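Q: Please take a close look at a single part of this structure and describe its surroundings. I am new to this structure and would welcome one connected account.

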Amino acid sequence: DELAQTAWYHMANAYLKSNKKEEARQTFSLCMKIDLNPTIQEEAHYNYVKLNYELSFNPYHDAIQSVKTYFEKYPESKRTEELKTYLISMFLAGKNYESAYNTLNDLKNKDLALQQSFQFVAFNLGTDYFYKSEYEKAKKYFGEVKKYPIDKLINSEGYYWIGESNYNLTNWDDAIQGYNRFLEEPGAINSAYYTRAQYNLGYCYMQKGYLSRMDASSNSDITK
């Protein structure tokens with residue numbers, strides 16, 4: 001009944017104040033299952049989710065599910081943005097970059113830490129797709145790196161990998177543009193890819209020259 005729900009809620013808070021987090025989590029769980037007092041129920045559910053996050057370890061399956069359940073039950077909650085930051089931390093810990101990216105995109109306001117997370121996630125997604133040879137998808141995410149160009153090295157290497165993706169697609173003009181942009185970036189000189197970019201840039205120019213000569217030869221044959 002409602003009296004029991006209220007009693008459990010106060011008991012859970014007492015556990016929390018005594019730093020008995022596991023006992024508080026279990027008691028909030030009991031409290032949130034009672035549908036009589038909606039205000040207490042939501043408060044209990046929020047505290048349960050928060051404690052689930054604090055007490056869980058990677059891969060955070062239960063904690064992630066508890067956040068999603070909260071969103072389903074309280075889609076208009078004022079705590080949505082806060083809980084999304086918990087989700088992002090858990091996705092990053094599990095290297096679930098796709099889910100982290102989607103959650104970050106949903107956040108209306110990103111502080112500096114979340115902007116850094118976005119840059120990091122976009123770069124890692126690009127890298128994942130590059131090594132799967134899905135170069136178009138890789139280019140999309142490497143392009144997102146510059147949305148929040150906080151880390152200069154990551155920002156510059158985003159351009160390098162766009163060049164590499166186009167290199168593998170034999171898009172020589174786009175590869176040249178990517179490598180040149182990389183070499184112009186402030187963080188590029190500190191990158192392990194700096195020399196390789198110069199080498200690949202030269203190869204692209206060579207390929208363009210070779211293809212130009214091939215085209216010219218073909219046209220000459222046609223006009224004979």
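A: Leu114 is found in helix α7, in a model that is predicted. With a relative accessible area of 11%, Leu114 is buried, because a residue counts as buried under 20%. Leaving aside its neighbours within four places in sequence, Leu114 is in contact with Thr85, Ile88, Leu104, Leu107 and Asn109. The C-alpha atom of Leu114 is separated by 14 Å from that of Lys146, which lies 32 residues away along the chain.

Two of these contacts lead into neighbouring helices. Leu104, in contact with Leu114, is one of the buried residues of helix α6, which covers residues 97-106. The others in that list are Tyr97, Ala100, Tyr101 and Thr103. The buried residues of α6 pack against α5 (80-93), α7 (112-131) and α8 (135-144). In an α-helix there are 3.6 residues a turn, so residues three or four places apart point the same way.

Ile88, also in contact with Leu114, belongs to the buried residues of α5. Alongside Ile88, that set holds Thr80, Leu83, Lys84, Tyr86, Leu87, Met90 and Phe91. The cover over the buried residues of α5 includes α3, α4 (61-73), α6 and α7. In length, α5 has 14 residues and reaches 20 Å from its first C-alpha to its last, close to the 20 Å expected at 1.5 Å a residue.

Just after α5, Lys95 takes a positive phi of about 55 degrees, although Lys95 is not a glycine. The place of Lys95 is in the loop between α5 and α6. At 62% relative accessibility, Lys95 counts as exposed, because the exposed class begins over 50%. A similar description can be given of another loop. Asn19, which is not a glycine either, has a positive phi of about 65 degrees. Asn19 has its place in the loop between α1 (2-17) and α2 (21-32), and at 56% relative accessibility it counts as exposed.

Helix α7 also holds residues that take part in ring contacts. Phe130 and Tyr131 form an aromatic pair that is edge-to-face, with 5.3 Å from centre to centre and 85 degrees between the planes. Phe130 is buried, with a relative accessible area of 9%, whereas Tyr131 is exposed, with a relative accessible area of 59%. In addition, the charged end of Lys132 sits over the ring of Tyr129, 5.1 Å from its centre.

Across the whole structure, a search finds 25 aromatic pairs. One of them joins Tyr70 and Tyr74, whose ring centres are 5.0 Å apart and whose planes meet at 45 degrees, so the pair is tilted. Both Tyr70 and Tyr74 are buried. Another charge placed over a ring is that of Arg79, whose charged end lies over the ring of Tyr46, 3.9 Å from its centre.

The helix α3, named above among the cover of α5, covers residues 38-55 and contains Asn52. Asn52 is buried, with a relative accessible area of 5%. A polar contact of 3.3 Å joins the side chain of Asn52 to that of Ser66. Apart from neighbours within four places in sequence, Asn52 is in contact with Arg25, Asp62, Ala63 and Ser66.

Further along the chain is helix α9, which covers residues 152-168. At 1.5 Å a residue, its 17 residues should span 24 Å, and its end C-alpha atoms are 25 Å apart, which agrees. Of the 17 residues of α9, 13 are buried, so this helix is largely enclosed by the rest of the structure. Asp151 caps the N-terminal end of α9, with a side-chain oxygen 3.0 Å from the backbone nitrogen of Leu153. After α9 comes Thr170, whose phi is positive, near 55 degrees.

Finally, the cysteines may be considered. Cys31 is buried, with a relative accessible area of 0%, and Cys204 is buried, with a relative accessible area of 0%. A search of the whole structure finds 0 disulfides.

Note on methods. Residues are numbered from 1 along each chain as its sequence is written. This is a predicted model: local features need pLDDT of at least 70, side-chain atom pairs count only at pLDDT 80 or more; totals for chains, interfaces and linings use all residues. Side-chain values use heavy atoms; hydrogens and water are left out. A disulfide is a pair of cysteine sulfur atoms within 2.5 Å. Buried means under 20% relative accessible area, exposed over 50%, partly exposed in between (1.4 Å probe, protein chains only). Helices (H or I, at least four residues) and strands (E, at least two) are DSSP runs, numbered from the N terminus. The expected span of a helix is 1.5 Å times one less than its number of residues. A polar contact is a pair of N or O atoms within 3.5 Å; within protein, one must be able to donate a hydrogen and the other to accept it, and residues adjacent in sequence count only if both atoms are side-chain atoms. Rings of Phe, Tyr and Trp (its six-membered ring) pair if their centres lie within 6.5 Å; planes under 30 degrees apart count as stacked, over 60 as edge-to-face and the rest as tilted. A charge sits over a ring if NZ of Lys or CZ of Arg is within 6 Å of the ring centre and within 35 degrees of the ring normal. Contact means heavy atoms within 4.5 Å.
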